[in-house]
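I opened a fresh page for this chain. My plan was to go from the fold to the surface and then to one residue.

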Amino acid sequence: AAMIAALGLGWFESAEICVNQFVAYDKEFVPVPENVNRYQKLFTIYQKIYQSTKELSHELLAFQQIEN
C-alpha cells in the first residue's frame, strides 16, 4: 500500500524505481523437488487448522492489543 501511495503521489518516476527503493532481497528459498508433495500435504493441514482457529487467533490479537 505504501508503494502504491508513493507512486500515486509522484515520488518516483516509475514503478521499477519505487520497487528498488522499497524492496530488499536477502535469501532465496527454493523448494526441494522431492519434498513438494509433502509441502502440499502439510499446507493442506495448515489450512484446516487455520480455519478451525482463526477466530481464536483474532480474539487473542485483540486481547493483546488492549493489554498493550
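These entries record what I looked up, in order.

**Entry 1: model and fold.** I noted at the start that this is a predicted model. I looked up the secondary structure and found three helices and zero strands. Along the sequence the pattern reads α-α-α. Two of the helices I wrote down with their ranges: α2 (15-22) and α3 (36-67).

**Entry 2: overall dimensions.** What radius of gyration does the chain have, and what would a compact globule of 68 residues have? I got 19 Å for the chain, against near 11 Å for the globule. I then took the box of the C-alpha atoms along the principal axes, and it came to roughly 45 × 45 × 20 Å.

**Entry 3: burial and surface.** I checked how many of the 68 residues count as buried, and the share is 4%. The accessible surface is about 6,700 Å². Carbon and sulfur atoms hold 59% of that surface.

**Entry 4: charges.** I counted 5 positive and 8 negative charges in the chain. Their mean positions lie 17 Å apart.

**Entry 5: a nonpolar patch.** Which residues make the nonpolar surface patch of about 350 Å²? I listed Phe22, Val23 and Tyr25. I followed up on Val23, which sits in the loop between α2 and α3. Is Val23 buried, partly exposed or exposed? Its relative accessible area is 31%. Patch members need over 30%, so Val23 passes that cut-off with its 31%. The value also puts Val23 in the partly exposed class, because that class runs between 20% and 50%.

How values were computed. Residues numbered from 1 in each chain as written. Predicted model: local features only at pLDDT ≥ 70, side-chain atom pairs only at ≥ 80, totals over all residues. Heavy atoms only, no water. Helix = DSSP H or I, 4+ residues; strand = E, 2+ residues; numbered from the N terminus. Rg over C-alpha atoms; globule rule 2.2 N^0.38 Å. Buried < 20%, exposed > 50% of the residue type's maximum accessible area, 1.4 Å probe, protein only. Areas by Shrake-Rupley, 256 points an atom, 1.4 Å probe, with all protein chains shown as cover. Lys, Arg positive; Asp, Glu negative; His and termini not counted. Charge placed at Lys NZ, Arg CZ, Asp CG, Glu CD. Patch = residues over 30% accessible without salt bridge, like charges linked within 9 Å, V, L, I, M, F, W, Y side chains within 5 Å. Salt bridge = Lys/Arg side-chain N within 4 Å of Asp/Glu carboxyl O.
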